[in-house]
Amino acid sequence: MRLLITITLTLLPLMASAAEPKPKRTLVVPGSDVSLQNEVQHAIDRGLAWLEKNQHANGYWSTADHPAVTALALMAFQGHPEGKYRKGSPQFLKKGYEFVLSHRQADGGIYVKDLPNYNTALSMMALVAANDPKHEATLRAARKYLVGLQWDFDEKGKTDNPLDGGIGYGSRYPHSDMSNTLLALEALYYTKHLAKDAPDAGDLNWAAAIQFIQNCQNLPAYNKQPWASDDAKNKGGFVYHPTHSMAGGETNAATGRVSLRSYGSISYAGMLSYIYADLKRDDPRVSAVFDWLRGNYTLEENPGMGPQGLFYYYHTMTKALTIYGATELELKDGKRVNWRKELAQRLLNLQARDGSWANENNRWWEKDPALVTAYAVLALEMIHRGL
């Protein structure tokens, strides 16, 4: 059975009808938690109200240097469960989109200076969320730009370097990594239909991308690098790129062999990347990462990273498990958990009085309430649809 791709973009309106929404009706689905659903809706509304209030005058959120943060905020508004912000396109959203579009570059990317892949990919997803044909030319150009960022080190045309096939930041740092690769694959996946109309734009080397993804997975059956480990602590999980894990490594005292540690957020990124590359649900690589994730399930921290990147972890977890179609997870002790309900309650408890969210740990910009509030709202919007 193929992965449940068709339900993936529950955070985006393009999967909904473009017609005017019908009058709201109350529909109680057997097994649904209406009380929690209402609480989640309230939290979403408070989070979006905070974002609207804290938009800068010229349309951006947080920083003018990185349209990606504004793109995440725009996606959060577009994903409102009742389509509230798609009715007539409020002026503040128009200004947000104008800000993003003002950073289109001659090379097709959407960025200011730094992190062009990160900014372009997320800006593309915000434009996809708008579900407006007028953005198609911009999306085609941006898609071609992302395809051009795929790395091919050493001998061209061969995946002879562990970093081949992946995508990195696109400017500094000449390496591929799982975080940037995920963002690019997601944007490319959801704009595949545009490539059919522009065959000269080319497409990603998806086989090379899959090779890179598995080069980041602790799974020796597919990853032949010396650090790949079959031990229970790491097997199936992912590292940042083929020579580095943000969670560090450990050395076997007897053999001197160094293993790189798997960690939570990037393992969900790996699972999503396999999904966007059209691997089947029962593929051993997908099964292995899913087993590692359910075996290391926690909402108290980003497994292997503690509080670092906690809200990115929540956001990526929600997206990956929604796409995978997992309602419950069976943990190591045999206990079954409804991750949606648990994560919803966790995010409700972490919301500040003013409606925002922020991490006390600043790694990966997570003290920025605009970025983290967008992460949290997007997660809750996906959760809301599954309660």
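**Notebook: salt bridges, loops and buried residues**

Asp33 counts as partly exposed, at 23% relative accessibility. I note at the outset that the model in which I looked this up is predicted.

**Entry 1. The partner of Asp33**

I next asked which side chain Asp33 meets in a salt bridge. The partner is Lys341, with an N to O distance of 3.8 Å. I then looked up where the two residues sit: Asp33 belongs to the segment before helix 1, and Lys341 to helix 12 (residues 339-350), so the pair ties together parts that are 308 residues apart in sequence. Lys341 is also partly exposed, and its relative accessible area is 28%. I checked both values against the class limits: 23% and 28% fall between the 20% limit for buried and the 50% limit for exposed.

**Entry 2. Other salt bridges**

How many salt bridges does the count give? I recorded 14. Among them I looked up the bridge between Glu155 and Lys158, whose side chains meet at 3.5 Å, N to O. Glu155 is partly exposed, with a relative accessible area of 45%. For Lys158 I also noted 45%, and the class is again partly exposed.

I then turned to Arg336, which forms a salt bridge with Glu328 at 3.0 Å, N to O. Glu328 counts as partly exposed at 39% relative accessibility. Finally, I noted a network of salt bridges that links Lys233, Glu250 and Arg261.

**Entry 3. A positive patch**

Which residues form the positive surface patch? I listed Lys84, Arg86, Lys87 and Arg385. I followed Lys87 further and found it in the loop between helix 2 (67-78) and helix 3 (91-101). Membership of a patch requires over 30% relative accessible area and no salt bridge. Lys87, partly exposed at 47%, is therefore above that area limit.

**Entry 4. The buried residues of helix 3**

From the loop that holds Lys87 I moved on to helix 3. I recorded its buried residues as Phe92, Leu93, Gly96, Tyr97, Phe99, Val100 and Leu101. Against which helices do these residues pack? They pack against helix 1 (34-53), helix 2, helix 4 (116-130) and helix 5 (136-147).

**Entry 5. Two positive phi angles**

I looked up Leu115 in the loop between helix 3 and helix 4. Its phi is near 50 degrees, a positive value in a residue other than glycine. Is Leu115 buried or exposed? I noted 11% relative accessibility, and Leu115 therefore counts as buried.

Asn131 is found in the loop between helix 4 and helix 5. Asn131 is not a glycine either, yet I recorded a positive phi of about 55 degrees for it. Asn131 counts as partly exposed, at 39% relative accessibility.

I also compared the position of Leu115 with that of Tyr173. The two are 58 residues apart in sequence, and their C-alpha atoms are 9.9 Å apart in space. Tyr173 lies in the loop between helix 5 and helix 6 (178-189). At 38% relative accessibility, Tyr173 counts as partly exposed.

**Entry 6. Leu194**

I located Leu194 in helix 7 (residues 192-195). Leu194 is buried, and I noted a relative accessible area of 1%. Which residues does Leu194 touch, not counting those up to four places away in sequence? I found Glu136, Leu139 and Arg140. For Arg140 I looked up the separation as well: the C-alpha atoms of Leu194 and Arg140 are 6.4 Å apart, with their positions 54 residues apart along the chain.

**Entry 7. Glu366**

Where is Glu366 found? I placed it in the loop between helix 12 and helix 13 (369-386). I entered Glu366 as buried, with a relative accessible area of 1%.

Leaving aside its neighbours within four places in sequence, I listed the contacts of Glu366 as Gly309, Leu310, Phe311, Tyr312, Ala358, Asn359, Asn361, Val372 and Tyr375. I also looked up the separation between Glu366 and Met271. These residues are 95 apart along the chain, and their C-alpha atoms are separated by 23 Å.

Terms used
Residues are numbered from 1 along each chain as its sequence is written. This is a predicted model: local features need pLDDT of at least 70, side-chain atom pairs count only at pLDDT 80 or more; totals for chains, interfaces and linings use all residues. Side-chain values use heavy atoms; hydrogens and water are left out. Patches are made of residues with over 30% relative accessible area and no salt bridge: like charges are joined within 9 Å, nonpolar side chains (Val, Leu, Ile, Met, Phe, Trp, Tyr) within 5 Å. Accessible areas come from the Shrake-Rupley method with a 1.4 Å probe; for residues, only the protein chains shown count as cover. A salt bridge is a side-chain nitrogen of Lys or Arg within 4 Å of a carboxyl oxygen of Asp or Glu. Lys and Arg count as positive and Asp and Glu as negative; His and the chain ends are not counted. The place of a charge is taken as NZ of Lys, CZ of Arg, CG of Asp or CD of Glu. Helices (H or I, at least four residues) and strands (E, at least two) are DSSP runs, numbered from the N terminus. Buried means under 20% relative accessible area, exposed over 50%, partly exposed in between (1.4 Å probe, protein chains only). Contact means heavy atoms within 4.5 Å.
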